[in-house]
Amino acid sequence: MLGNRGGALHNSDREIVRGYKSRRWITCVLEFRGRHRIVMSSNRYTELFFLDEAVAFAAGHRPCAECRRQRYDAFRQAWRRLKQQDSYPFADDMDRELHPARIDRGKKVTYEAALSSLPDGCFVQIEGRAYLVWRDGLLLWTPEGYGRRDERPENSMVTVLTPKPIVGCFRQGYMPEIHESGRFLNHR
């Protein structure tokens, strides 16, 4: 998946100089309508790459309304249920609430929760490693894909990496897409 954080995060030497440009953090598909980009073009948004949608959500991104319209609408629907709203939220409304739930004073926001309370799709940190909560297991994240599947320990408190509003959307039925390595590990 491809994502961005609202603009250029890099300078003219293609060095990352900031963590985000605005609160509009979105996740896109890699190919859309034949568009072609040169990574880190001058005065253009900085491309970020994610293994899958679950990883992008853990980083605090939401689906793009243009190239991922169906996923965006499904996310809005879950958000609407979560917030018990009469109408669907606008992107700005979601971004305004998501931003302080993902970053505070330049640092990633995390929180503690009982592992048993978390829905599928959440990322947690255990002993310094990132795991995807998926079905009855934990899938160890690696840059190459999910490395192994462990059983979910009972009565365990964990550090949650996925922002709270996104976890709430998962509880309302939004199921993030995961990389094939995770689907493979889950069928063993």
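Which residue in strand 4 is the bridge partner of Ile 26? The partner is Arg 62. This structure is a predicted model. The points below cover two open sheets, one of 4 strands and one of 6 strands, then a pair of helices whose axes come within 8 Å, and finally the second largest pocket, with a volume of about 160 Å³.

**The sheet of 4 strands**

- The strands of this open sheet follow the order 3-1-2-4, and their pairing is mixed.
- Strand 3 (48–49) and strand 4 (62–63) are the edge strands, and each of them pairs on one side only.
- Strand 2 (residues 26–28) and strand 4 run parallel and are joined by 2 bridges.
- Ile 26 has Arg 62 of strand 4 as its bridge partner.

**The sheet of 6 strands**

- This second open sheet has antiparallel pairing, with the strand order 7-12-8-9-10-11.
- Strand 7 (111–114) and strand 11 (145–151) have a single partner strand each, so one side of each is left without a neighbour in the sheet.
- From one strand to the next, the twist averages 40°.
- Within this sheet, strand 9 (residues 129–134) pairs with strand 10 (residues 137–142) in the antiparallel sense, over 4 bridges.
- Opposite Tyr 131 stands Leu 140, a residue of strand 10.

**Helix 2 and helix 4**

- Two packed helices are described by the angle between their axes and the distance between the axes.
- For helix 2 (residues 69–83) and helix 4 (residues 164–171), the axes come within 8 Å and cross at roughly 95°.
- Angles of 65 to 115 degrees count as roughly perpendicular, which is why helix 2 is described as roughly perpendicular to helix 4.
- Helix 2 makes the contact through Phe 75, Ala 78, Trp 79 and Leu 82, while helix 4 contributes Pro 165, Ile 166, Gly 168 and Cys 169.
- Sorted by class, the contact of helix 2 with helix 4 has 7 nonpolar residues, 1 polar residue and no charged residues.
- Gly counts as polar, and Gly 168 is one of the helix 4 residues in the contact.

**The second largest pocket**

- The volume of the second largest pocket is about 160 Å³.
- The residues that line the second largest pocket are Arg 5, Trp 25, Val 55, Ala 58, Ala 59, Arg 102, Ile 103, Lys 108 and Leu 161.
- By class, the lining of the second largest pocket divides into 6 nonpolar and 3 charged residues, with no polar ones.
- Arg and Lys count as charged, and the lining includes Arg 5, Arg 102 and Lys 108.

Terms used. Residues are numbered from 1 along each chain as its sequence is written. This is a predicted model: local features need pLDDT of at least 70, side-chain atom pairs count only at pLDDT 80 or more; totals for chains, interfaces and linings use all residues. Side-chain values use heavy atoms; hydrogens and water are left out. Axes are lines fitted to C-alpha atoms, for helices over the stretch in contact, and angles run from 0 to 180 degrees between N-to-C directions. Angles under 35 degrees count as roughly parallel, over 145 as roughly antiparallel, 65 to 115 as roughly perpendicular and the rest as oblique. Contact means heavy atoms within 4.5 Å. Two strands pair if DSSP finds at least two bridges between them. On a 1 Å grid over the protein atoms alone, a cavity is a set of points where a 1.4 Å probe fits but cannot get out, and a pocket is an open set with protein on both sides within 12 Å along at least five of seven lines; lining residues have an atom within 4 Å of a point. Grid points are joined across faces, edges and corners, and a volume is the space filled by probe spheres set on the points.
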